[in-house]
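Got your viewer open and a selection box ready? Here's a short walk with a few stops, each one a thing to click and a thing to look for.

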Amino acid sequence: MPVLYLSHGAPPLADDPIWPGQLAAWSAELPKPEAVLMISAHWENAPLTIGATSSVPLIYDFGGFPRHYYEVTYPAPGAPELAADVRKLLRGPGMSVHDAPDRGLDHGAYVPLVEMYPAADVPVLQMSMPTLDPAGLLAIGRKLAPLRDQGVLIVGSGFFTHNLRALSQDGSVHPVMTEFDEWGRRALAAEDLDELLDFEHKAPAAQLAHPRTEHFAPLFVSLGAASAELGTQRSVIDGFWRGLAKRSLQFG
């Protein structure tokens, strides 16, 4: 299976005239996965933790939106066999894996999945990011890579730029977002892992594009899982949504 990094958007993504169709068209081009392993910007927890392996209620981890966004459901099957495989691959010296059997999918997971697999017929497992350190996340991704041969779609779900102060309602884009997006495009095209791993120092205005780095961090899990095939990467979705770069990538 390929590996994805996608910009997941907020709940209003569902009402956007363009983006849901882009996600749906993307998933239609992919082989149908046996399961999806989702790494979302909205779950940081150490030690690394595996979420529910059965269908449990979603986590509406946002506030101030109209009521209908809190009524969305996504009853995807759980993936207990995938959870067992993740434990086997990741457990070892210096790495423990915990379980949170009641934790449902957060909006970083279900918002894009509703658009990509609306029938909710693909088992989904979410796991936490135990660190925001790019090198540590890259190493985790490399350990997860064998899952691809089992038909598992590994998805890092974040946002290519993420500064809520730069949100715009009129579609205007702050130059910082444009500069960071272009830097990232070039670094990815050059397969320059050293540049990407040190993005906080190498990218233009990185602290303004990402005041916290949790939305860029899932990219490193994806890069690790696809480290043998970085030359195959392509930007499937680009451009901006409410002022933020929605660049989304496929490897393999």
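Start by selecting Ser 172, which sits in the loop between strand E6 (152–158) and helix H5 (175–189); helices (H or I, at least four residues) and strands (E, at least two) are DSSP runs, numbered from the N terminus. This is a predicted model, where local features need pLDDT of at least 70, side-chain atom pairs count only at pLDDT 80 or more, and totals for chains, interfaces and linings use all residues. Residues are numbered from 1 along each chain as its sequence is written, and side-chain values use heavy atoms, with hydrogens and water left out.

Turn on a surface: Ser 172 is partly exposed, at 39% relative accessible area (buried is under 20%, exposed over 50%, partly exposed in between; 1.4 Å probe, protein chains only). Its side chain makes a polar contact with the side chain of Asp 170 at 2.7 Å. That term covers a pair of N or O atoms within 3.5 Å; within protein, one must be able to donate a hydrogen and the other to accept it, and residues adjacent in sequence count only if both atoms are side-chain atoms.

Next, hop to Glu 214, in the loop between helix H8 (206–209) and H9. Glu 214 is buried, with a relative accessible area of 9%. Show side chains: Glu 214's makes polar contacts with those of Arg 212 (3.0 Å) and His 215 (2.8 Å). Not counting residues up to four places away in sequence, Glu 214 also touches Ala 41, Glu 44, Met 129, Leu 132 and His 162 (contact means heavy atoms within 4.5 Å).

Last stop: select 218–225, helix H9, where eight of eight residues are buried.
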